[in-house]
Structure formats: C-alpha cells, structure tokens
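Subject: Structure for your review

Dear colleague,

Please find below the structure that I am handing over to you. My notes on what was found in it follow directly after.

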Amino acid sequence: MARIAVLSDIHSNADAFEAVLEKCGDLSIDYFVCLGDIVGYNAEPSRCIAMVRELEPKAFAIGNHDYYAIMGNTELSGFNELARTAVEWTRDQLSPEEAEYLRRPDSSMVSGTGCSIVHATMDTPRNWGYITARHHAEAHFSYQLTPVCFCGHSHIPIAFEKQPMSLDGNNGVVELRDWVHSAESEEYDTNFELEDELTVVYRPGRKYLFNIGSIGQPRNGDPRASFAMIDTVAKTVTRYRIPYDIGWAQQKVIDAGLPENLAYRLATGI
C-alpha cells in the first residue's frame with residue numbers, strides 16, 4: 001500500500017519535470033511509475049533520462065517518442081513535421097547507454113497495487129492509438145486485467161469507468177467528466193500561475209482508465225505540468241497541475257535549434 005506518483009510524457013522538459021518532482025516531495029510519494037515518452041519535442045533529453053533514473057521507477061512503459069528515438073533509421077511514420085524533426089534531433093543527443101535505458105516493455109503491472117500502466121492502449125500498444133472517446137476505452141478495457149490503468153500519449157487528460165453492468169446500452173463504459181475539467185468549461189480556473197488538483201475515488205467491482213495528461217507538453221489548453229498520484233489506501237487518484245518557468249524552457253528549445261513552434265506551444269498548452 002502506497003502513494004504512487006504517475007509520470008507521463010515528460011518530453012525532455014526538465015523545468016516542468018523539476019516542478020513536478022518538487023510537488024512529489026511535498027506529497028510524501030513512496031515510489032514512482034513512468035508511462036513513457038521521457039524524450040521528444042524539448043531540449044533536455046539526457047537530463048530528463050538522468051532524473052528518471054534517479055527515481056528508480058517501480059514500473060515503466062515505453063512511449064512512441066522513446067521507441068523511435070532509439071530505433072536508428074526506422075521510418076518515422078505517423079509523425080508530423082515538428083515531431084519528426086524533434087525525434088531526429090533527439091537521436092543525435094542520446095548516448096548508447098541512454099538509448100538502452102529507454103528500451104522498455106509496452107505495458108507493465110505495478111506489483112501489489114491492482115494497477116497497470118501503458119503509454120497508449122492495452123489492445124494495440126505498438127499502434128500508438130489515442131484514447132479520446134468512449135469507444136476507444138471500450139476496446140482498451142477488453143485487455144485491461146487490473147482494476148486501475150494509467151495511460152498517456154494524447155497529452156489530454158481523460159478518464160473512463162467500466163461498470164459491472166449497463167442500464168443504457170453503453171457496455172457499462174462511462175466517461176468521468178470531472179476528470180477532464182478542460183479549459184473550455186465555464187468553471188475552469190484560468191489562473192495558470194497557481195497549482196490545482198482534482199481527486200477521483202475508485203470503487204471496487206469496477207475498472208478505471210486514467211489518462212493523466214503530460215508533464216512536458218500539455219495539449220488541453222492548460223500549459224501547467226500535469227501528473228497524477230494514486231493512493232492505494234484511500235482508493236483515490238488525484239491529478240495535479242503545476243506551474244513552472246515556461247519562458248526558460250522555451251528559450252532552451254530555441255537555443256537547441258529546434259523548431260520555434262515547439263517553444264511557442266509550451267505557453268499555450270495546445
């Protein structure tokens with residue numbers, strides 16, 4: 001039983017990652033798990049790999065940027081121009097040892113917790129599909145063997161609950177709307193200089209899938225670094241959003257010679 005920090009999509013953004021780890025210190029985290037994509041998009045892949053290694057994650061899944069960064073001249077299918085440029089740049093930055101560290105399984109169980117992790121989806125992990133709607137979650141749940149699963153990849157928080165039975169013909173899968181709490185909703189607090197948090201209680205006899213968003217490149221209109229904590233005693237999952245020095249991270253992207261649009265999007269969260 002423990003408090004476990006769930007990290008995903010760090011994407012070479014050490015400034016955002018440091019802010020998250022400082023918060024984890026305040027939360028008295030027992031250990032960490034990582035959903036992949038340590039590298040890609042931003043300017044400090046080696047530093048972020050070193051930071052993850054120091055945490056000694058108890059479970060680890062490979063992300064698509066990790067995968068293509070270590071696969072040499074493998075064709076970068078499915079990547080837009082910005083992502084492709086960042087992967088090619090990242091390949092040149094990694095030592096053989098760092099590349100080997102990124103070589104991880106597609107999914108992993110978190111021993112003793114009833115949780116599993118995957119970067120994309122359990123049904124077709126190496127297809128790198130996105131879970132953005134209920135029908136995606138339905139396919140995933142068919143392969144999810146644990147009560148709780150965490151995923152990343154889309155950089156957009158979303159969560160689903162699979163109930164024991166359905167009364168409305170939806171296969172028992174419902175979206176947990178409170179978890180999204182997107183920047184488009186009227187009640188959304190747009191003061192991005194402050195931390196915020198959102199907690200969901202998970203109940204026995206059901207399955208849950210949580211996309212926790214991204215530490216290093218959020219895409220839900222909120223530029224703060226996003227991560228989650230599961231408390232296996234209280235049976236809660238809490239998502240935190242943490243402000244950090246975005247301007248400094250942007251300057252590092254520009255100084256590295258990466259596309260300026262990658263720096264620009266850090267401030268917009270899109």
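A pocket is here an open set of grid points with protein on both sides within 12 Å along at least five of seven lines, and its lining residues have an atom within 4 Å of a point. Please note that the model is a predicted one.

The largest pocket holds about 240 Å³ of space. Its lining comprises 18 residues, and those nearest the centre are Asn-64, Gly-78, Phe-79, Tyr-130 and His-153. Helix α3, residues 64-69, contributes the most to this lining, with 3 residues. By class, the lining of the largest pocket consists of 10 polar, 6 nonpolar and 2 charged residues.

I turn next to helix α6, which spans residues 134-141 and in which Ala-137, His-140 and Phe-141 are buried. These residues lie on the same side of α6, because they cover an arc of only 95° around the axis. The strands against which the buried residues of α6 pack are β5 (115-118), β6 (148-151), β7 (158-162), β8 (173-175) and β10 (207-211).

The model also contains an open sheet of 6 strands with mixed pairing, in the order β3-β2-β1-β11-β12-β9. Its edge strands, β3 (59-60) and β9 (196-201), each pair on one side only. In general, the strands of a sheet pair through backbone hydrogen bonds, either parallel or antiparallel. Strand β9 and strand β12 (residues 236-242) run antiparallel and are joined by 6 bridges. Within β12, Arg-241 is the bridge partner of Asp-196.

With kind regards

Notes:
Residues are numbered from 1 along each chain as its sequence is written. This is a predicted model: local features need pLDDT of at least 70, side-chain atom pairs count only at pLDDT 80 or more; totals for chains, interfaces and linings use all residues. Side-chain values use heavy atoms; hydrogens and water are left out. Buried means under 20% relative accessible area, exposed over 50%, partly exposed in between (1.4 Å probe, protein chains only). Helices (H or I, at least four residues) and strands (E, at least two) are DSSP runs, numbered from the N terminus. The arc is that of the directions from the helix axis to the C-beta atoms. Contact means heavy atoms within 4.5 Å. On a 1 Å grid over the protein atoms alone, a cavity is a set of points where a 1.4 Å probe fits but cannot get out, and a pocket is an open set with protein on both sides within 12 Å along at least five of seven lines; lining residues have an atom within 4 Å of a point. Grid points are joined across faces, edges and corners, and a volume is the space filled by probe spheres set on the points. Ala, Val, Leu, Ile, Met, Phe, Trp, Tyr, Cys and Pro count as nonpolar, Asp, Glu, Lys and Arg as charged, and the others, Gly among them, as polar. Two strands pair if DSSP finds at least two bridges between them.
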